[in-house]
Amino acid sequence: MRQPVWQSLSLLQRASSHYRVPIGRRAIQTASSRIPNFAFAFDIDGVLLRSSKPIPGAADSLALLKKQGIPFILLTNGGGKHETERVAEISDKLQVPLDPSVIVQSHSPFAELVKGVDEASSLENKCVLVVGGDGDNCRRVAEQYGFKNVVTPGDIFTAYPSVWPFSKNFQDYYNTFSRPLPKPIDPTNPTKGLKFDAVFVFNDPRDWALDTQVIMDVLMSSQGVMGTLSGTNGRTDLPNHGYQQDGQPPLYFSNPDLWWAAAYPLPRLGQGGFREALEGVWAATTGGPSKGIELKKTVIGKPFQGTYEFAERQLLRNRAAAFGNDASLPPLQKVYMIGDNPESDIRGANSYRSDIGSSWHSILVRTGVYTGGEPAWTPKTITDNVQAAVEWALKSSKWT
Ligand SMILES: [Mg+2]
């Protein structure tokens, strides 16, 4: 499950600083002189909040950890807003002041790709397609991360409505945020035409059809130039039958969750649903897995290793900010991951292999996606809710 793009430790550390707001040594008030050798990672939806309403006991649990000086992060597959905005919202809903350094969203690691590992891999000044989210919120998040040239499918539709004629009913919506394209779509003049160097699915697409069409256009193009069709597509003498073998840009997905818990009585299709739909269109177009053709992409978010690595480093930075970073600091030995989704929270915590040797202990709660029965991925512990989980964990770590 390890994602090659995020394997480089230095890449992770450099990139996270794009949005990280440093906290002072005194940001976490310790009520005890003891320094805990454990920490917590909380999923948000279905654990702390359910359809924007606080889950009973959630606020008290976070307040208790703050008071006790026990580090925690909120590790969510959600997104669509900048980390500072997201954390302000959660603080407001739970009535617990929280620092932006505690949040890791599904797209947070994309910030690393602004600078990349070197100048050649930097996407800072390249043209990137950002898909998903309300209006162009995700474009603005990407810009806050440092990407300087961000285009949305809505920009393309507004400039060229024929790219997907069936979105004409949504033109009023696109008019509210679309911007002129940096370059025209001009397949006759590829060097001057609109060209993408990366495609990011930041958040749930609102217009699956337009977004599917535009992403397919990029994937089938030559060199990522809009309006072109690669001559290598379908060539059986090439790897992957020539698909994605002609300089097409990399495709990144955040948030692999197929389902999420919302106000509706049953879970709703999530961002992973969009990816599956796109994979289906890809397979129907290219021949797909039955012909040995894959959709090459990088997926981050829980349960993937790269996201947990990113989260653990964030926890370590927060510990250092709170307790200092000298050799006497006890190592972080255990992280309690509390989640409601066996497929993401539990699977990710169970599978994670820490470079620093910490162990992640999965705790499944019954206030979200999981309500009972045999979970698809077996947690170390099951509790009714987050408060019971925190109480259990503190007892288990002999923290009284
Ligand atoms: Mg959840």
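Here is a short walk through this predicted model, from the whole chain down to one sheet.

Before you start, residues count from 1 along each chain as its sequence is written. Local features need pLDDT of at least 70 and side-chain atom pairs count only at pLDDT 80 or more, while totals for chains, interfaces and linings use all residues.

**Whole chain.** Show the full C-alpha trace: along its principal axes it spans about 70 × 45 × 45 Å. The radius of gyration, taken over C-alpha atoms, is 22 Å, close to the 21 Å that the globule rule gives for 400 residues, so the chain is as compact as a globular protein of that length. That rule is 2.2 Å times the number of residues to the power 0.38. Of the 400 residues, 45% count as buried, meaning 20 or more other C-beta atoms, placed from the backbone, lie within 10 Å of the residue's own.

**The sheet.** Switch to cartoon view and look for 11 helices and 15 strands; these are DSSP runs (H or I, at least four residues; E, at least two), numbered from the N terminus. Six strands form an open sheet in the order E5-E4-E1-E13-E14-E15, with parallel pairing (strands pair if DSSP finds at least two bridges between them). Select 103–104 and 381–383: strands E5 and E15 stand at the edges with a single partner strand each, so one side of each lacks a neighbour in the sheet.

**Inside it.** Next pick 38–42 and 72–75, where E1 and E4 pair in the parallel sense over three bridges. Phe-42 stands opposite Leu-74 in E4.

Notes
A residue is buried if 20 or more other C-beta atoms lie within 10 Å of its own, exposed if 12 or fewer, and partly exposed in between; C-beta atoms are placed from the backbone.
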